[in-house]
Structure formats: structure tokens, C-alpha cells
Amino acid sequence: MLTSSAAGVFVICPTPFHNDGSLDTGSTDTMVEAFLAAGATGLTILGIMGEAPKLAAEEALSFAKQVIARVAGRVPVVVGVSAAGFAAMSALSRKVMDAGAAGVMIAPPAHLRTDDQIVSYYADAAEAVGPETPFVIQDYPLVTGVVMTPQVIMRIIEQNPSCVMLKHEDWPGLDKITTLRRATEAGQVRRVSILCGNGGLFLPFEMERGADGAMTGYAYPEMLVGVVNLMRQGKRREAHDLFDRHMPLVRYETQPGVGLSVRKYVLQKRGIIASAALRKPAPRLTPETIADINWMMERIERPHEGA
């Protein structure tokens, strides 16, 4: 089961498709093994970058079961179960937990406006997935439109013992991490794991503020693992140097709309998935964009060219 001591890098997995849009089960296995070989301490599936809204319910469950079975207990698997209603959330959560998932991730719906509404929503969500199911708060206001203050997050943590992790994706949000960690040190809230998203765009600084690692995707997940491990070892300069070498591609991947297309293209070029296809509707990379990506990949894979 997922616990509040979770740390390291939980790689956000894209959902591999064939060119015709059907699920690619072969690439799913290849992808899982590649991410584990890169040093992932966990995997997260069916998130926003996993195109979960484009999957039918039976496809989502089939994909989740395949990933969980392939991992076979080597690392925890977190499954995104965000849904428009609690019935769908409850059903998927129950099925993936029965299949061996370690926990679930829940993002707030866009219609929430007040602090009390947000806190009440998570109380209902925790009830829907079951008090025995560990859950992750996904704090991603740039996409959900829901702004959660540190005080709101602390209320959710304190009112729901099954809340074990915050997926921090606020931007700017470094001071939010600092506020939460100081509140824990002051005994105002119990400690939960904080893993950060946003493509790892601020990962070294997030680690310095008290994050336990990353829960995000990037086409070179071994970089995320390297940065987290170096920061844990107190090797700040080395961690930032490694991160800086990848920064152009990290930035390119964080572009709204096109980012997942960029990531899947690189994963295909690296042999991790067979096709870079996204489920329609989806953007297509232009020849100019592809040339940019190829240039960045060449620089990343030539360490002697500098950071």
C-alpha cells in the first residue's frame, strides 16, 4: 500500500496506442520495463498525461490491470481515478485496488470554488474510494482551475487519514511546499509525502524546499531519478548540472497542448514505445518542431557538449 513515506520518482506513464488509436499492449510492457530500468520507485497511470478521459471504462481498467500485473509488486502503482461522479470513481478505485494498485490519485473538479467546497469534496471522495484506500491529492490549478491554499490542503490531510500524499503541481508553488513542511515541523499537520509534477520543471528547487521526489513524466526519466538521488546525497551542484542539460527539452515538454506529443515522439525514438500516436483529438508535430526535438536529443545524448 502507498504510505506517507513514499519517495523517489513515480513516473507518470503515457498510455501507448497503435497508429489506429487502439491500445498497444506490447508497448505497455516495454514502457513499464524501461521506466523501472531507469530507476523509478513507483509508476502512476491514468493521469492527465495518460489521456485517461479518452479511454472507455473497460479500456482504462484493462490498461491498469496490465501495468499492475507487469510490475508484479516491484514498485507501487498509483492509479488516477478522477471522474465526473463518485459512482465511476468508486467503481474504478475498487477494481484497481483489487488488482493490486497501491493507491489512487484524485484531482478536484473544476466547479469547486470555495475552500469549504474543496474540503467537502475530498471528504466525499475519500468515502467513495473507501477509507482503506490510500489517496493522493492532485494539486494542479493550471489545468483544473481549482486553487488549494496550504491551509486547505492541511484541512484535507487532517480530516482524511487515508490521504498519504500531495502531488504538488502549483506554479508558482515553491513557497507552498515550504509552508506545508514548516507546518509539519510545528506540529500543525501530520507529514505526508510530497511528490512534484509539472514535468519536473522546478525539481531541484522543489527538493530543496522539502519535496520527497517527483511524480511526473519526462522522456528521459533517468534524469529525474538522477536529480532526486543527487539531491538526497547533498550534491546540489551535480544535481543542477544534470537538470540543466535536460532543461531545454523539459521546457519544450511543458508546452500546453503539444507537450504529450513531444514526449511520446521522444519515447518512440528511444524505442520505449512503438508509436507516438495520441488518441484523437490530438495535435500533430510539424517538421520544424520535430527538427527542434531531434536537436535537443542530440545535445542531451552528447554529455561532452556541456550542460
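A pocket here is an open set of grid points with protein on both sides within 12 Å along at least five of seven lines. All the views below come from a predicted model.

**View 1. The second largest pocket and the residues around it.** This pocket holds about 340 Å³ of space. Its lining is made of 15 residues, and those closest to the centre are A277, L278, K280, A282 and R284. Sorted by class, the lining residues are 6 nonpolar, 5 polar and 4 charged. While you are looking at K280, follow the chain to P281: a cis peptide bond joins the two, with omega at about 0°. P281 sits in the loop between α11 and α12.

**View 2. A salt bridge from helix α2 to the loop between α11 and α12.** Here the side chains of E59 and R279 meet in a salt bridge, 2.6 Å from N to O. E59 belongs to helix α2 and R279 to the loop between α11 (259-269) and α12 (287-300), so the pair ties together parts that lie 220 residues apart in sequence. Is R279 buried or exposed? R279 counts as buried, because its relative accessibility is 13% and the cut-off for buried is under 20%.

**View 3. Salt bridges between helices α1 and α2.** Look next at E33 and R70, which form a salt bridge with their closest N and O atoms 3.0 Å apart. The two residues come from distant parts of the chain: E33 is in helix α1 (residues 25-37) and R70 in helix α2 (residues 57-71), 37 residues apart. E33 is partly exposed, at 27% relative accessibility. R70 is partly exposed too, with a relative accessible area of 35%. The pair does not stand alone, as salt bridges that share partners join D29, E33, R70 and R74 into one network. The count for the structure comes to 16 salt bridges.

**View 4. A buried salt bridge between strand β5 and helix α7.** D139 and K176 form a salt bridge, and their closest N and O atoms are 2.6 Å apart. D139 lies in strand β5 (residues 135-139) and K176 in helix α7 (residues 174-185), a link between distant parts of the chain that are 37 residues apart. What is the relative accessibility of D139? The value is 0%, so D139 counts as buried. K176 is buried as well, with a relative accessible area of 7%.

**View 5. I106 in the largest nonpolar core.** In soluble globular proteins, nonpolar side chains tend to be buried together. The largest nonpolar core here has 91 residues, of which L43, I106 and I137 touch the most other members. Which residues does I106 touch, leaving aside those up to four places away in sequence? Its contacts are V81, S82, M89, Y121, Y122, A125, V129, F135, V136, I137 and Q138. There is also a second, separate core of 12 residues, among them L2, A6, M105 and L195.

**View 6. The largest cavity and its lining.** The structure holds 1 cavity of 30 Å³ or more, and the space in the largest cavity is about 50 Å³. Its lining consists of I153, I157, L166, L180, R181, T184, V189, R190, V192 and I194. By class, these are 7 nonpolar, 1 polar and 2 charged residues. Helices α6 (150-159) and α7 each supply at least two lining residues, and α7 gives the most, with 3.

**View 7. Backbone details in three loops.** Start at W171 and P172, which are joined by a cis peptide bond with omega at about 0°; P172 is found in the loop between β6 (163-168) and α7. Then turn to L46, where phi is positive, about 60°, although L46 is not a glycine. L46 lies in the loop between β2 (42-45) and α2 and is buried, with a relative accessible area of 5%. A72 likewise has a positive phi, near 50°, in a residue other than glycine. The place to find A72 is the loop between α2 and β3 (77-80). A72 is exposed, with a relative accessible area of 59%.

**View 8. A91 and A128.** A91 lies in helix α3 (residues 86-99) and is partly exposed, with a relative accessible area of 22%. How far apart in space are A91 and A128? From C-alpha to C-alpha they are 8.8 Å apart, with their positions 37 residues apart in sequence.

Conventions:
Residues numbered from 1 in each chain as written. Predicted model: local features only at pLDDT ≥ 70, side-chain atom pairs only at ≥ 80, totals over all residues. Heavy atoms only, no water. 1 Å grid on protein atoms, 1.4 Å probe; cavity = no way out; pocket = protein on both sides within 12 Å on 5 of 7 lines; lining within 4 Å. Points joined across faces, edges and corners; volume = space filled by probe spheres on them. Nonpolar A, V, L, I, M, F, W, Y, C, P; charged D, E, K, R; others polar. Salt bridge = Lys/Arg side-chain N within 4 Å of Asp/Glu carboxyl O. Helix = DSSP H or I, 4+ residues; strand = E, 2+ residues; numbered from the N terminus. Buried < 20%, exposed > 50% of the residue type's maximum accessible area, 1.4 Å probe, protein only. Core = buried A, V, L, I, M, F, W, Y, C linked by side-chain atoms within 4.5 Å. Contact = heavy atoms within 4.5 Å.
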